[in-house]
Amino acid sequence: LPTAAPTVFVPKPEVVRSEPEPPLPGEPTKIIFLDVDGVLRPVHGRSDFIKHVRVMEIDGARVPILGNAEARAGLDFWPHAMRALKHCQILSGASVVLSSDWRKEEILREGVKGALSEYRIPKLYDMTPDLDQATPGVIRSLHSSFRDKRCKEIRKWLRQHPKVERFVAIDDIDLSLPDKQAKMEEQVFLNPHSEFVRTNPTQGLTHELAKLAAAFLNGH
């Protein structure tokens, strides 16, 4: 009788499923673009606060001066606005990027950092670029308006950080879409239904607006 050939078992190659890499530690996927004047403090400072302290002006912003003549900004931030910002950050887990003109002066930046630390809000992750700050060999960008410039700065920062999945800008200036019929990829302005929360400059960031911003960041 013929001898049966032995059966050879060939193992199937292991199927490796490709999954997206998680973001690097410290690289956020959610961002709050934060304005200051009209969001965390009145546009011209708190009159009830400034009555009792000396102030100095830095690019139009009135900054309280401590008794030892060392300038420190952020002393007149609304407590309710800081608590609202903290609530938004806790609900969303988002990182804060400073989009305000306060990012242009070290004294003002340090004031924001101090306020965040005081309310136990994670420190600033970054700042948006200043498109008006011309560098050698680079032509200064032209903008149709202040809000156009701010939106372009936010969009540029986002292009440089492709890991970001969701973001919201909190500002007292209207950064929303001028043309709701236009395609999003053709717009620099922000979608008020998912990317932008506008504050009343006389009230700043409220608890309700903070919850709305967190809902946008969480995709709700």
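Strand 1 is mostly covered, with five of its five residues buried. In this predicted model, Lys 30, Ile 32 and Leu 34 point one way from the strand while Ile 31 and Phe 33 point the other way, and all of them are buried. Strand 1 sits between strand 4 and strand 6 in an open five-stranded sheet with the order 5-4-1-6-7, so a good place to begin is with the sheet itself.**The sheet and its neighbours**

- The pairing within this sheet is parallel, and its edge strands are strand 5 and strand 7 (196–198), each of which pairs on one side only.
- Strand 1 (residues 30–34) meets strand 4 (residues 95–98) in the parallel sense, over four bridges.
- To pick out partners on that side, Ile 32 stands opposite Val 96 in strand 4, and Leu 34 has Leu 98 as its bridge partner.
- Towards strand 6, strand 1 is joined by five bridges, and the two run parallel.
- Leu 34 turns up here too, standing opposite Ile 170 in strand 6.
- Helix 5 (residues 207–217) lies across strand 1, strand 6 (166–171) and strand 7, and runs at about 155° to strand 6.

**The chain as a whole**

- The secondary structure amounts to five helices and seven strands.
- Going along the sequence, the pattern reads β-α-β-β-α-β-α-β-α-β-β-α.
- The chain has 220 residues, and 39% of them count as buried.
- About 13400 Å² of the chain is exposed, with carbon and sulfur atoms supplying 53% of that area.
- Take the contacts with a separation of 6 or more: 71% of them come from residues 24 or more positions apart.

**How far to trust it**

- Mean pLDDT for the chain is 79, and 65% of the residues get to 70 or more.
- Residues 13–24 are a stretch to handle with care: pLDDT there is below 50, and beyond near neighbours in sequence the stretch has two contacts in the model.

**The loop between strand 6 and strand 7**

- Both Pro 192 and Phe 189 are found in this loop.
- Pro 192 is partly exposed because its relative accessibility is 29%, which falls between the 20% limit for buried and the 50% limit for exposed.
- Leaving out residues up to four places away in sequence, Pro 192 touches Ser 176, Leu 177 and Phe 216.
- Of those partners, Ser 176 is 16 residues from Pro 192 along the chain, and their C-alpha atoms are separated by 5.4 Å.
- Phe 189 counts as buried, since its relative accessibility is 8% and the cut-off for buried is under 20%.
- Phe 189 also comes within 7.0 Å of Asp 148, C-alpha to C-alpha, with their positions 41 residues apart in sequence.

**Arg 120**

- Arg 120 has its place in the loop between helix 3 (106–118) and strand 5 (126–127).
- Its phi is near 55°, a positive value in a residue other than glycine.
- Arg 120 is exposed because its relative accessible area is 71%, and exposed means over 50%.
- Lys 86 is 34 residues from Arg 120 in sequence, yet the two are 7.8 Å apart in space, C-alpha to C-alpha.

**Cysteines**

- Cys 88 has 0% relative accessibility, so this cysteine counts as buried.
- Cys 151 is likewise buried, because its relative accessibility is 0%.
- A disulfide is a covalent bond between the sulfur atoms of two cysteines.
- With a cut-off of 2.5 Å between cysteine sulfur atoms, the count of disulfides comes to zero.

Definitions and conventions: Residues are numbered from 1 along each chain as its sequence is written. This is a predicted model: local features need pLDDT of at least 70, side-chain atom pairs count only at pLDDT 80 or more; totals for chains, interfaces and linings use all residues. Side-chain values use heavy atoms; hydrogens and water are left out. pLDDT is the predictor's confidence in each residue, from 0 to 100. Contact means heavy atoms within 4.5 Å. Buried means under 20% relative accessible area, exposed over 50%, partly exposed in between (1.4 Å probe, protein chains only). Accessible areas come from the Shrake-Rupley method with a 1.4 Å probe; for residues, only the protein chains shown count as cover. Two strands pair if DSSP finds at least two bridges between them. Axes are lines fitted to C-alpha atoms, for helices over the stretch in contact, and angles run from 0 to 180 degrees between N-to-C directions.
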